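User: I would like to learn how to read cavities and ligand surroundings in a model. Please start with the cavity.

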Amino acid sequence: MLLNLTILPGDGIGPEVTEQAVLVLQSVADAFGHQTQLHRKHIGGAALAAVNDPLPPDTVEACLSSSAVLLGAVGSPAFDNNPNHLRPEAGLLRLRRELGAFANLRPAVCFPGLEDSSPLRADLVRGTDMMIVRELLGGLYFGRPRSISGAPEPGTSGSRVAVNTMRYAEPEIERIARVAFELAMKRRRRVLSVDKANVLECSRLWREVVTRIAQDYPEVKLTHQYVDSAAMLLVQRPADFDVLLTENMFGDILSDQAGGIVGSLGLLASASIGGPVGLYEPVHGSAPDIAGKGIANPLGAILSVAMLLRHSFQLEREAVCIENAVSSVLNHGHRTADLAPKSRAVISTTEMGNLVAQATKQLASQVFVSTRH
Ligand code: IPM
Ligand code: MN
């Protein structure tokens with residue numbers, strides 16, 4: 001198969017982790033006999049620095065004419081004082097919209113052996129395996145009107161007013177709900193829908209539509225939870241969660257929390273799908289404080305490659321090969337700094353990438369041996 005991808009390394013630790021993810025991709029592609037065609041483009045702060053646009057037209061064109069997009073991270077303090085449309089994040093938000101990527105899948109899994117990396121007690125976090133389904137193109141991130149009005153008045157308490165709009169139309173809720181129920185059918189058949197229906201109209205509509213869609217999936221058990229209470233349950237009994245379905249902003253917050261729970265945000269991968277071209281990126285962001293030090297955890301980016309192969313190419317064997325390689329490397333005790341309790345030896349970004357690439361090669365050869373017998 002031809003794997004025709006656009007690679008967007010982006011900002012901060014994005015380029016470092018993406019390089020390791022591409023290494024693992026190449027190793028799996030070689031082992032399973034696939035060709036790769038990779039086009040590297042700018043996004044975010046890197047694109048602002050190059051052409052003063054966080055999502056240049058040639059980046060969009062490259063993404064739309066490839067079969068999938070692998071992204072590192074966007075965000076850079078250098079542009080903190082820019083107007084909204086000239087911030088690195090604006091590039092990512094526009095890209096999600098250009099790609100029609102309304103469904104953001106963020107699995108949070110506690111890998112066996114990593115219980116000690118979690119701030120929670122091992123007996124609580126053991127067995128955690130949830131899929132957060134975050135709506136990605138609606139809510140406060142995109143709702144209009146949005147503005148800051150009035151002029152700053154230095155030295156006074158000020159009179160400016162800022163407005164954002166949370167907006168959801170029924171079809172937007174319906175399509176993301178279907179994604180969650182379809183996923184639940186292949187998992188433990190439970191969907192927890194998270195909202196704030198005791199306060200927000202958007203959430204009341206959300207709850208009504210999700211309940212209606214649930215009728216098409218009688219085997220799936222649907223429950224509803226207010227977001228504040230869901231945040232609490234997530235730390236009290238993370239292992240009880242299967243599919244967690246929620247709107248854009250709540251999903252942004254709860255997925256970082258889930259990353260902390262399973263040991264490190266650096267482990268979390270994501271897929272943003274639903275449109276013609278899927279977008280795959282680690283959840284951790286650009287982490288400017290550790291950029292360039294060679295200590296970032298590349299596993300979120302590497303596991304995003306597994307999601308890319310699964311969701312954009314239906315290459316399930318290849319995806320599982322990467323996931324098993326990651327498990328095996330962790331099982332052997334290798335840890336990047338974010339995963340290591342203080343006393344433990346740590347390995348670098350590139351060492352972790354190399355170990356996973358080697359493990360994929362080894363596992364792939366076993367796959368071929370076992371299919372020959
Ligand atoms: C994420 C990030 C983005 C988001 C930012 C960088 C725009 O935090 O992917 O979770 O808020 O969606
Ligand atoms: Mn986030």
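Analyst: On a 1 Å grid over the protein atoms alone, a cavity is a set of points where a 1.4 Å probe fits but cannot get out, and its lining residues have an atom within 4 Å of a point. The model is predicted, so local features need pLDDT of at least 70 and side-chain atom pairs pLDDT 80 or more, while totals for chains, interfaces and linings use all residues. Residues are numbered from 1 along each chain as its sequence is written.

User: Which residues line the largest cavity?

Analyst: Its lining consists of Tyr168, Val194, Asp195, Cys202, Ser203, Trp206, Thr246, Glu247 and Phe250. Strand S8 (190–195) and helix H7 (201–214) are the elements that give two or more residues to this lining, and H7 has the largest share, three residues. Helices (H or I, at least four residues) and strands (E, at least two) are DSSP runs, numbered from the N terminus.

User: Which residues surround ligand 1?

Analyst: A residue is near a molecule if one of its heavy atoms lies within 4 Å of it. Around ligand 1 these are Glu89, Arg96, Arg106, Arg134, Tyr141 and Asp252.

User: What polar atoms of Arg106 and Asp252 approach the ligand?

Analyst: A polar contact is a pair of N or O atoms within 3.5 Å. A side-chain N or O atom of Arg106 is 2.8 Å from an oxygen atom of ligand 1, and one of Asp252 is 2.9 Å from a ligand oxygen atom. For Arg134, a polar side-chain atom lies 2.9 Å from an oxygen atom of ligand 1.

Notes
Chains lettered and ligands numbered in written order. Heavy atoms only, no water. 1 Å grid on protein atoms, 1.4 Å probe; cavity = no way out; pocket = protein on both sides within 12 Å on 5 of 7 lines; lining within 4 Å. Polar contact = N/O pair within 3.5 Å; in protein donor to acceptor, adjacent residues only side chain to side chain.
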